[in-house]
Amino acid sequence: LDVVGKFATATHTGEPLHPKLAGTIDYLTSHQLLGQVVTDTMDEFKPPDNCITLSVSTGNAHIWGTLSTTTKMQDVRLQRILNLLSTGITAFACTLDGDDVPSEQQDALALLCNAQFKISCLRKSSIR
């Protein structure tokens with residue numbers, strides 16, 4: 001009886017990635033990067049001046065003053081996640097040729113941007 005094997009494997013998987021790439025992704029998605037590494041990497045990829053949605057706002061000072069401490073803490077956490085995601089989108093976009101983007105990269109960009117949108121909506125709804 002292989003109960004663990006049955007429930008430990010993903011049911012919806014695609015074609016395998018290159019083993020080195022898969023190992024890198026598994027490591028990076030299960031370990032937090034060091035703060036200085038994140039800071040240095042984020043400093044390399046500032047939001048483009050023609051993509052206003054990739055600039056994460058800190059919020060309205062008047063509204064911020066009316067929020068509870070719990071809501072403020074949650075908002076700061078979501079800001080940090082949005083900043084990381086925005087920087088990742090920016091870094092990814094810098095690797096693309098704007099005139100000829102393969103469909104896989106279009107899909108990746110669309111999914112990343114959708115995650116950005118969803119987290120931004122979550123942030124807005126938590127403040128309301």
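**Contacts, core and pockets in a predicted model**

Leaving out residues up to four places away in sequence, Thr-87 touches Met-42 and Phe-45. The structure described here is a predicted model. Thr-87 is found in helix 5, which covers residues 69–94. The relative accessible area of Thr-87 is 11%, and this residue is therefore buried, the limit being under 20%.

Thr-87 also belongs to the lining of the second largest pocket, as do both of the residues named as its contacts, Met-42 and Phe-45. The space in this pocket comes to about 310 Å³. Besides these three, the lining consists of Leu-28, Leu-33, Val-37, Val-38, Thr-41, Leu-84, Gly-88 and Ala-91. At least two lining residues come from helix 3 (35–44), and at least two come from helix 5. By class, eight residues of this lining are nonpolar and three are polar, while none is charged.

The largest pocket holds about 370 Å³ of space. Its lining is made of 14 residues, and those closest to the centre of the pocket are Thr-53, Leu-82, Ser-120, Arg-123 and Lys-124. Helix 6 contributes the most to this lining, with seven residues. Six residues of the lining are nonpolar, six are polar and two are charged.

Leu-82, one of the residues closest to the centre of the largest pocket, is also a member of the largest nonpolar core. The other members of this core are Leu-54, Leu-78, Leu-85, Ile-89 and Ile-119, which brings the total to six residues. Helix 5 supplies four of them, the most of any contributor. In soluble globular proteins, nonpolar side chains tend to be buried together. Apart from residues up to four places away in sequence, Leu-82 touches Val-56, Gln-116, Ile-119, Ser-120 and Arg-123.

Ile-119, another member of the core, is found in helix 6. With residues up to four places away in sequence set aside, Ile-119 touches Leu-78, Ile-81, Leu-82 and Leu-85. For the pair Ile-119 and Leu-85, the separation is 34 residues in sequence and 9.6 Å in space, taken from C-alpha to C-alpha.

Two glutamine residues were also examined. Gln-116 has its place in helix 6. Its relative accessible area is 9%, so Gln-116 falls under the 20% limit and is buried. Beyond its neighbours within four places in sequence, Gln-116 is in contact with Thr-53, Val-56, Leu-82, Leu-85, Ser-86 and Ile-89. Among these contacts, Leu-82, Leu-85 and Ile-89 are members of the largest nonpolar core. Gln-116 and Leu-84 lie 32 residues apart in sequence, and their C-alpha atoms are 9.8 Å apart in space.

Gln-79 has its place in helix 5. The relative accessibility of Gln-79 is 13%, so this residue too counts as buried under the 20% limit. With neighbours within four places in sequence left aside, Gln-79 is in contact with Val-56, Ser-57, Thr-58, Trp-64 and Arg-123. Gln-79 and Ser-57 are 22 residues apart in sequence, and the distance between their C-alpha atoms is 7.9 Å.

Arg-123 is a contact of Gln-79 and also a contact of Leu-82. In addition, Arg-123 forms a salt bridge with Asp-75, in which the closest N and O atoms are 2.6 Å apart. Arg-123 lies in helix 6 (residues 103–127) and Asp-75 lies in helix 5 (residues 69–94), so the salt bridge ties together parts that are 48 residues apart in sequence. Both residues of this pair are buried.

The count of salt bridges in the model is two. The other joins the side chains of Lys-46 and Asp-43, with an N to O distance of 3.4 Å. Lys-46 has a relative accessible area of 53%, and this residue is exposed because the value is over 50%. Asp-43 has a relative accessibility of 44% and so counts as partly exposed.

Terms used: Residues are numbered from 1 along each chain as its sequence is written. This is a predicted model: local features need pLDDT of at least 70, side-chain atom pairs count only at pLDDT 80 or more; totals for chains, interfaces and linings use all residues. Side-chain values use heavy atoms; hydrogens and water are left out. A salt bridge is a side-chain nitrogen of Lys or Arg within 4 Å of a carboxyl oxygen of Asp or Glu. Buried means under 20% relative accessible area, exposed over 50%, partly exposed in between (1.4 Å probe, protein chains only). Helices (H or I, at least four residues) and strands (E, at least two) are DSSP runs, numbered from the N terminus. Contact means heavy atoms within 4.5 Å. A nonpolar core is a set of buried Ala, Val, Leu, Ile, Met, Phe, Trp, Tyr and Cys residues joined through side-chain atoms within 4.5 Å. On a 1 Å grid over the protein atoms alone, a cavity is a set of points where a 1.4 Å probe fits but cannot get out, and a pocket is an open set with protein on both sides within 12 Å along at least five of seven lines; lining residues have an atom within 4 Å of a point. Grid points are joined across faces, edges and corners, and a volume is the space filled by probe spheres set on the points. Ala, Val, Leu, Ile, Met, Phe, Trp, Tyr, Cys and Pro count as nonpolar, Asp, Glu, Lys and Arg as charged, and the others, Gly among them, as polar.
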